[in-house]
Amino acid sequence: MGEQAEDTEALRHLHDGADYRRLAERTSDPDVLRRLARAEYPFVWHAIARNAAAPADLLVPLAARRHSTWNDNCLLQLVAAHPALTAADLDGLVPLLAARLREGDRPYAAVLELARRSELPAERLNWLGHLPGASTHLRRGIARALAARPGG
């Protein structure tokens, strides 16, 4: 039995959140990850976002899931850092982060993660630093991250 078949079979034997998390951490099967993303456990969403095999078309909608401010911000940071995301995917996170800033959720780590990514133009990220909910500290962090980019 191949690894993907084993992971698909493992979906039938999940008993608790820890089982979901362990499978999300180890599987490389995108279909299994998609099924796990339906779980209501934010730590499973985090494990999926840490998994290098997670496809961008799963991560982008996963970033919009809500649980609590801390878990939501952690998830946003993990998704923003994921190597599978393209420039278009990353640009799609900007309105989500803007909304969360306006709500007062302070997704600063995710904003800074985007600022480290060279796929997005600096102007797009500087804009986030001037929205309601952004702080002087965040604006300085964005400037530092942009300056540290290759060619920055």
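Buried means under 20% relative accessible area. The model discussed here is predicted.

Q: Why is Thr 27 called buried?
A: The relative accessibility of Thr 27 is 1%. The cut-off for buried is under 20%, so Thr 27 counts as buried. Thr 27 is found in the loop between helix H2 (17-26) and helix H3 (30-36). Residues up to four places away in sequence aside, Thr 27 touches Asp 7, Val 32, Leu 33, Asn 51 and Ala 53.

Q: What makes the approach of Thr 27 to Asp 29 a polar contact?
A: A polar atom of the Thr 27 side chain lies 3.1 Å from the backbone nitrogen of Asp 29. A polar contact requires a pair of N or O atoms within 3.5 Å, one able to donate a hydrogen and the other to accept it. The separation of 3.1 Å satisfies the distance cut-off.

Q: Why is Glu 6 called partly exposed?
A: Glu 6 has a relative accessible area of 41%. Partly exposed covers the range between the cut-offs of 20% and 50%, and Glu 6 is therefore assigned to that class. Glu 6 is found in helix H1 (residues 3-10). Its C-alpha atom is separated by 9.4 Å from that of Thr 27, the two residues being 21 residues apart along the chain.

Q: Why are H2 and H4 described as roughly parallel?
A: H2 and helix H4 (residues 42-50) pack at an angle of about 10 degrees, and their axes are 8 Å apart. Angles under 35 degrees count as roughly parallel; therefore H2 and H4 receive that description. In this packing, Gly 17, Ala 18, Tyr 20, Arg 21, Ala 24 and Glu 25 of H2 meet Phe 43, Val 44, Ala 47 and Ile 48 of H4. By class, the contact has seven nonpolar, one polar and two charged residues.

Q: How do you know that H6 and H8 are roughly parallel to each other?
A: The angle between helix H6 (residues 69-81) and helix H8 (residues 108-116) is about 10 degrees, with axes 7 Å apart. The cut-off is under 35 degrees, so the pair is roughly parallel. Leu 76, Gln 77, Ala 80 and Ala 81 of H6 make the contact with Ala 109, Ala 110, Glu 113 and Leu 114 of H8. The residues comprise six nonpolar, one polar and one charged.

Q: Which residues have the most contacts inside the largest nonpolar core?
A: They are Ile 48, Leu 114 and Leu 128, in a core of 47 residues. Beyond its neighbours within four places in sequence, Leu 128 is in contact with Val 94, Leu 97, Ala 98, Leu 101, Val 111 and Ala 134.

Conventions. Residues are numbered from 1 along each chain as its sequence is written. This is a predicted model: local features need pLDDT of at least 70, side-chain atom pairs count only at pLDDT 80 or more; totals for chains, interfaces and linings use all residues. Side-chain values use heavy atoms; hydrogens and water are left out. A nonpolar core is a set of buried Ala, Val, Leu, Ile, Met, Phe, Trp, Tyr and Cys residues joined through side-chain atoms within 4.5 Å. Buried means under 20% relative accessible area, exposed over 50%, partly exposed in between (1.4 Å probe, protein chains only). Contact means heavy atoms within 4.5 Å. Axes are lines fitted to C-alpha atoms, for helices over the stretch in contact, and angles run from 0 to 180 degrees between N-to-C directions. Helices (H or I, at least four residues) and strands (E, at least two) are DSSP runs, numbered from the N terminus. Angles under 35 degrees count as roughly parallel, over 145 as roughly antiparallel, 65 to 115 as roughly perpendicular and the rest as oblique. Ala, Val, Leu, Ile, Met, Phe, Trp, Tyr, Cys and Pro count as nonpolar, Asp, Glu, Lys and Arg as charged, and the others, Gly among them, as polar.
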